[in-house]
Amino acid sequence: MESCTHVFQISGIKNPDKKRALIQGIKQLGGKYLGGSVYEQASTHLIIPQVLSSEKFLAACAAGKWVVTPDYVLDSVKNGSWLAEGRYEVAISTGASASAFYPVRQWRQKVASGRLAGAFQGWRVLLMVQEPTRRAMFKRLLKAGMAKVYYFPPPSHASITHVMAKPVTENSKSYNAPCYPVSHIVQHLFGSNCVDMNFNVADDHPVETKTVSFVDVDFSKLETELRDHVIKKEGRPRLCFLEFLGYHDPHRPQSQAMDTDFSNVGSMIECGLFTEALDSIRSAVFPGLLPPMPYLISLLEYAQQGNATSVFLRNLQQVMCNLLVTNPPWLAPSTVKKYYTQVLQCPRCKAGPWSFLETAISYCLSSEATCHPLPGPALPTLLHFHSDLVAFFLRLFQGELHSVTARDFVLPQGPGVSQASASGSLLYGTFWTVWERSTLLSRAVKQLTQLLVQAAVKDYAEKDEKQRLHLADTLLNLLSVLVEFWCQQNFKLNQNLVEKGLKDLAEHFAVVSQDVSPVVLAELVARISSTRLKLVMADAIFRNLCCRNGNTVGDEPLSLKKMVLSYLPALGSLARSPSGARLRTGPPSHSCTSQETGCRTQSSLVNETGPENENLPRGLNRVNAAGETLLHRACKRNQVETVFQILALPGTDINVKGSVLLQQADEDGRTALDLVSTTTQREELLHSAQVGDSALRNKVTKVSNLPLLEAGSSLLAHLISSYQQERALCDHAPPSDRARSLAYRLVRALETHSFQKLTLGWTDQRVVRLVEDADTLLELSRGRYLGQVSQAVKECKGQNTMFLMEMLENLKSLGDALMADL
């Protein structure tokens, strides 16, 4: 019908008789009716019984169309011609007042007057919605309001003004444009009135009743409680050292300490009587009394020369330990800390504590990288002396961490006592300069990680347990202490800074240890005492191990769902790695980003030469003028079997999921799923891709590289364990209080609302991940995700792999327990 001024769509009327009467009335008056479940741009009017949350209503509002009640058509039929729409425009009552609010009027008037072409005019939106059906709906809605919509990744020429995400993730915030949840669409259309309107956005399928809420239920209280839980859990101490509780207060010295005379010690040292001088100092170490600094420095210098007996070295170590017990620097005036700073440096080079500590570690590693030449080859007595010296540093720093954790670092008032903070600690002064304290990965920390790698290789390769110095364990504990110390100083000020610092440290370690056996790395991770450090280290090393074996995993924030859906299939690829080929050659790649994933996907499809690809169909990777590959064209023609065949081809990267391939976009931003018209066909294609994923994972049932699989299983087991300790919602409430517990209320909310609906509009991604983890546990209890484990891994009898399988069963049992509480 040419130049038809009344083109109708209907929404929210389910009664067949009422709908039939409206359609007959429209045709009787010369109008046109457009059926279908989605908004049509050609429509001029929308008929609804009241304000709805449907796509058609929101799109008509954004486009400035007339939205009227059914009475408009019925009364017009009685009149014999079309009436004026004004009195029939849909309205709602705002709150308790009797006034009416016309939600569509402001946009309709602006479009009618020519001031705007649509409510979203000028918007260039990057739409990051994971579920294809919902993504298509939001695209139609935005385009109705004259927005330009792009899918991920956007074209290089696009200047994005809005990022619309569902759910909002750290990746969606990484563009130079404001990031909003999709609820911002409703908020833009209706402002503060959207709260009174109590919106649910639903599809318009006649039988479909499933909705996704924008402002349906107020979950703000639950979000606040979960945020408080996360903050409290992050602020708790990870390392506790109860032995420091009995340390003395140096401001109450014992009486005999005042009568000590060190006048003869200097003469003994001048005469070379170092053993006698040490005995005099050893018998005069009391609280509040410090041996003269030059004497102690001279004794340390004598010990370094290699002429001291083992008895002398043990006694010197005992003196240092007694000094720490009687005069701990974290409970003493600032002069005592200066004393330790001067003593704990090389007596000859005087380059500060870190240089002294680094030299001690290097000597234990038989390295020549010392501040000055030391007796060599390494003497057994000196090896143990320097090993004990490293242990002394560890004990000193553990005491400082204990003091900060117990909030005892502020000094008591008294003569010569100044108020101090953790910034004046020996630990800070050793590992960070004033300009480095905003970063965890300082120069000294980088050097410590490299020394740790060397120590691990040396210690774990030593077959004779009696010959081991256990230096790697000491350095691991030292790294844990300084990580906890730095995190405690910064997490209240800038949580993002802490997360970045931990990630940088872990990825740096993964790079410097890339030539180390995975077995050694797995053993190293198992010995880390800090769960916070163990979590990031296991994650970085596992991802790096996967990347170097040809399986790129995403760099999105770590979550339980990511471990189940991404890391478990990656573990299967490690089991299939050729025996003897532990790592692929080539430049290291320690950060596996989504861009790398896309490149790997494309390269696996583009390279069609070689005997391994001789069975590939012609034109597999050829792109036509419309920017469509063979996969796109197969989807467009609803050729499900062809899609399945492409996903199962030997030339397709076995590490790339078929469901991921279906999300690859052409130059116009269209995915393969976008080219399929009906929901059922899209679901069928997705199911085929998932079946293909499972088939590829389970195709190989034999483990070809058991050591690599065992190392990967160990890393993943420690990753899951530390993740549960660090981030899980542990709420062990008694049965009588279970209904009021936070875990119970969260699980109950997830039973009645989807994860996306529950977290809609939440801004703290730590809280969002906590809810996603709970949702993943519930899905595991329902039997989902278990197919992510390859048959080869399930049947492996390796100790670490079997333990990992038990952990997965425990996760499922945990989900069962949460469900049982409802």
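## Loop residues with positive phi

In this predicted model, K350 is partly exposed because its relative accessibility is 49%, and the exposed class begins only over 50%. K350 belongs to the loop that joins α13 (334–343) to α14 (353–364). Its backbone is notable in one respect: phi of K350 is near 50°, a positive value in a residue other than glycine.

S366 shows a comparable feature, with a positive phi of about 60° although S366 is not a glycine. This serine is placed in the loop between α14 and α15 (380–405).

## Overall architecture

The protein chain is made up of 822 residues, of which 53% count as buried. Its secondary structure comprises 33 helices and twelve strands. Among contacts between residues at least 6 apart in sequence, 70% join residues that are at least 24 apart.

## Nonpolar cores

The largest nonpolar core contains 163 residues. Within this core, the residues that touch the most other members are L226, F312, F431, L475 and L482. Which residues does L482 touch, once those up to four places away in sequence are set aside? The partners of L482 are L427, F431, W432, L440, V445 and L448. F431 therefore appears both among the core members with the most contacts and among the partners of L482, each partner having heavy atoms within 4.5 Å.

A second core, separate from the largest, has 37 residues, including L52, V125, L127 and A144.

## S442 and its surroundings

S442 is located in the loop between α16 (426–431) and α17 (443–461). Is this serine buried or exposed? S442 is buried, because its relative accessible area is 1%, and the limit for a buried residue is under 20%. Not counting residues up to four places away in sequence, S442 touches F431, W432 and E436. Of these, F431 and W432 are also touched by L482.

## M320 in helix α12

M320 is found in helix α12, which covers residues 310–326. With a relative accessibility of 4%, M320 counts as buried. Leaving aside neighbours within four places in sequence, M320 is in contact with L296, V343, L344 and F392.

One of these partners, L296, is 24 residues from M320 along the chain, and the C-alpha atoms of M320 and L296 are separated by 9.3 Å. Another partner, V343, is the residue at which α13 (334–343) ends, while F392 falls in the range of α15 (380–405).

## Helix α31 and a nonpolar cavity

Helix α31 spans residues 765–781 and has 17 residues. From its first C-alpha to its last, α31 reaches 24 Å, close to the 24 Å expected at 1.5 Å a residue. The helix is mostly covered, with 17 of its 17 residues buried. Just after α31, G783 takes a positive phi of about 90°.

A search of the whole structure finds two cavities of 30 Å³ or more. The second largest cavity has a volume of about 40 Å³. Which residues line the second largest cavity? Its lining consists of V564, L568, L780, Y785, L786 and L808. By class, this lining divides into six nonpolar residues, no polar and no charged. L780 is part of this lining and falls within residues 765–781 of α31.

Terms used
Residues are numbered from 1 along each chain as its sequence is written. This is a predicted model: local features need pLDDT of at least 70, side-chain atom pairs count only at pLDDT 80 or more; totals for chains, interfaces and linings use all residues. Side-chain values use heavy atoms; hydrogens and water are left out. A nonpolar core is a set of buried Ala, Val, Leu, Ile, Met, Phe, Trp, Tyr and Cys residues joined through side-chain atoms within 4.5 Å. Buried means under 20% relative accessible area, exposed over 50%, partly exposed in between (1.4 Å probe, protein chains only). Helices (H or I, at least four residues) and strands (E, at least two) are DSSP runs, numbered from the N terminus. The expected span of a helix is 1.5 Å times one less than its number of residues. On a 1 Å grid over the protein atoms alone, a cavity is a set of points where a 1.4 Å probe fits but cannot get out, and a pocket is an open set with protein on both sides within 12 Å along at least five of seven lines; lining residues have an atom within 4 Å of a point. Grid points are joined across faces, edges and corners, and a volume is the space filled by probe spheres set on the points. Ala, Val, Leu, Ile, Met, Phe, Trp, Tyr, Cys and Pro count as nonpolar, Asp, Glu, Lys and Arg as charged, and the others, Gly among them, as polar.
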